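Colleague: Could you take a close look at how the two parts of this chain sit against each other? I'm new to this, so please walk me through it slowly.

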Amino acid sequence: MSKLVAAAKKEGTLNVIALPPTWANYGTIIKDFTAKYGIKVNSANPDGTSQDEVNAVKQENGTSAAPDVLDIGQAVALANTSLFAPYKVSTWSNIPTAQKDAGGLWYEDYGGYMAVGYSSKFGTITSLSQLLGSKFKNAVALNGNPTAANAALNGVMMASLAQGGSASSIADGVAFFHKLKAAGNFSPVSATGATIKAGTTPVVFNWDYLNLPSYVGVSNWKVFVPPNAVLGGYYAQAINKNAPHPAAARLWEEFLYSQAATGGQNLWLQGGARPVEQPTMASNGSIDTAAAGKLPAVSGTPVFLSASQAAAAATYLAANWAQAVR
Amino acid sequence: MAVTATTETGARPARAGRRPSGPAWVGTVPFLGYVGVFLLFPTGIVLFNAFRNPAGGFELSSLSTLGNSAVRGFFVGSIELAAVSSVAGAVLGAILAYAIVAGNPDGVVRRVYLAGSGVLAQFGGVTLAFAFLAAVGPTSGFLIHAGWFYDFPQGISLIYVYFQIPLMVLVFLPAVDGLKVQWREASENLGASAWQYWRHVGGPLLAPAFTGATLLLFANALSAYATIQAWENQIAYTVPQQISTAINSEVGLSNINEADVLALGMVIMVVIIMTGYALLQRRAAQWLR
């Protein structure tokens with residue numbers, strides 16, 4: 001570890017990409033990493049998608065500006081393993097087997113559950129079917145186009161589960177949004193912090209850690225995870241195999257997976273995201289209990305989409321989404 | 001005045017000098033270089049890639065994507081939106097242009113409208129979408145029970161018309177300016193009614209310019225991306241939106257080849273439209289010199 005720190009300090013720089021400072025506490029994480037190791041972090045295209053990250057790795061391959069480390073969704077990780085260098089962090093055994101590549105090419109980092117964030121002016125939402133009511137006119141938005149954005153695809157899938165569907169088919173979710181559109185309640189506008197503050201997208205389907213009052217920037221904002229539809233999603237870390245700063249990249253991963261009070265796992269938790277080592281940390285006592293207590297309460301067994309379920313959902317959406325909500 | 005005169009005489013020798021030596025086309029090199037690097041080169045890459053399969057070989061089969069019914073839907077959406085917004089923008093813009101010409105040619109009103117049109121014709125993108133969201137969206141208190149402004153294509157067309165009208169004013173005003181007062185007076189002297197004047201003189205004279213300007217507006221709407229992407233973020237209706245999905249989909253639907261083929265379809269449409277525009281402009285120019 002001390003050799004790694006020395007090598008990383010010698011490189012002096014780390015290139016990261018698509019990490020919004022307000023997302024899962026990344027602003028603090030980057031700042032703390034620089035303060036601890038004296039390594040400068042170049043943060044490129046903070047609002048990019050996972051696919052943008054992979055495109056950057058390919059297009060900037062061999063240059064000193066290429067991303068060293070990636071934080072990407074499952075589908076993109078599985079489709080691009082040939083770009084990654086295997087690495088196993090020192091806490092590797094604490095990552096559940098289902099949430100990492102056995103060879104260390106990618107490993108899930110943090111995640112959350114799909115949730116409905118809404119303005120408290122609507123009172124309390126206890127079931128998704130309430131959203132079909134007349135007081136939600138033009139109010140309900142997804143986080144992006146489900147044929148492009150992973151969070152939006154999971155939003156539709158969560159609606160599907162809430163209708164009693166299974167993770168193998170997203171059809172019930174598309175049917176729900178069709179009803180929502182027919183009722184005049186679906187808002188196609190891009191939901192951002194600005195539209196939420198302005199009140200034009202008062203109901204947003206998004207990951208719970210992106211639906212916190214602190215993240216969206218309004219105080220009268222509530223989060224609801226339907227009890228029969230707890231859909232989890234995790235992002236994954238991977239290292240660019242041609243990383244311009246290979247040691248800094250590996251040190252960054254060690255920092256992110258550290259269970260120390262000031263380590264990455266607890267920092268993500270303080271950002272409202274659920275770190276992948278959370279179960280172990282809860283049992284070994286290293287978890288920040290105050291931060292853990294603030295996570296939205298959920299009841300029921302979380303569902304995680306397998307790669308084939310996610311692919312089937314995307315294929316169905318490509319053929320049916322636009323027609324269903326026109 | 002004396003100062004101005006001195007400056008003018010002082011400047012004259014330089015300006016009155018002989019034309020610089022060298023062939024006449026030298027002056028166009030920067031322009032052609034610019035067009036080459038930022039228009040022709042990228043278009044060439046799109047054409048080249050559209051005929052390649054993902055493995056890197058050349059084949060025509062990737063073009064079969066254009067026959068796919070979902071893909072046809074994006075072209076239909078683009079054409080619907082461009083047609084509605086260009087016709088509405090052209091009609092309203094033409095009326096406005098006529099009203100401006102009818103006023104004092106050196107008046108403040110004309111100058112304000114032209115300056116305003118020059119600015120607003122370029123006002124688009126996320127800012128415009130957000131401005132409309134604040135003005136007519138659910139929280140504005142205005143049109144609160146009407147969901148039609150989110151419906152395609154009328155809702156987004158309303159927003160496009162915002163930059164289509166000023167563009168129409170800019171491109172159509174010279175044609176209306178070209179209508180000579182004497183023609184109107186002559187037809188009135190011969191006993192023509194206002195309707196007969198427009199039916200037989202004004203209308204036919206302006207028709208090529210009007211149709212040409214409408215085509216320009218059509219192409220303008222066809223290529224707009226950021227405005228509709230902010231307004232209809234969760235559904236792809238138009239080709240540019242689907243090109244974006246094909247490039248950056250993170251759920252496994254990213255397909256660069258499809259993006260190139262869609263872009264090729266756009267290039268073909270724009271070539272057809274702009275050829276029509278050029279032909280109509282040439283016809284319009286016969287009368288309006």
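Modeller: Sure, and one definition to begin with: two residues are in contact if their C-beta atoms, placed from the backbone, lie within 7 Å. Keep in mind that this is a predicted model. With that idea of contact, take the pairs in chain A that are at least 6 apart in sequence: 73% of those contacts join residues at least 24 apart.

Now for the two parts. The domain assignment splits chain A into domain 1, made of 2–111 + 233–293, and domain 2, made of 113–231 + 298–324. So that you can picture the layout, look at the centres: taken over C-alpha atoms, those of domain 1 of chain A and domain 2 of chain A are 27 Å apart. Where the two touch, domain 1 of chain A puts in 13 residues and domain 2 of chain A puts in 13 residues. On the domain 1 side of that contact, the top contributor is helix α4 (residues 74–79) of chain A, which supplies 3 residues. What kinds of residues make up that side of domain 1 of chain A? They come out as 5 nonpolar, 8 polar and no charged.

Let's zoom back out. Chain A holds 13 helices and 11 strands. Its radius of gyration is 20 Å, close to the 20 Å the globule rule gives for 326 residues, so chain A is as compact as a globular protein of that length. The C-alpha trace of chain A spans about 60 × 40 × 35 Å along its principal axes. As for burial, 51% of the 326 residues of chain A count as buried.

Terms used:
Residues numbered from 1 in each chain as written. Chains lettered and ligands numbered in written order. Predicted model: local features only at pLDDT ≥ 70, side-chain atom pairs only at ≥ 80, totals over all residues. Domains from an automatic or database assignment. Helix = DSSP H or I, 4+ residues; strand = E, 2+ residues; numbered from the N terminus. Nonpolar A, V, L, I, M, F, W, Y, C, P; charged D, E, K, R; others polar. Rg over C-alpha atoms; globule rule 2.2 N^0.38 Å. Buried ≥ 20, exposed ≤ 12 C-beta atoms within 10 Å, placed from the backbone.
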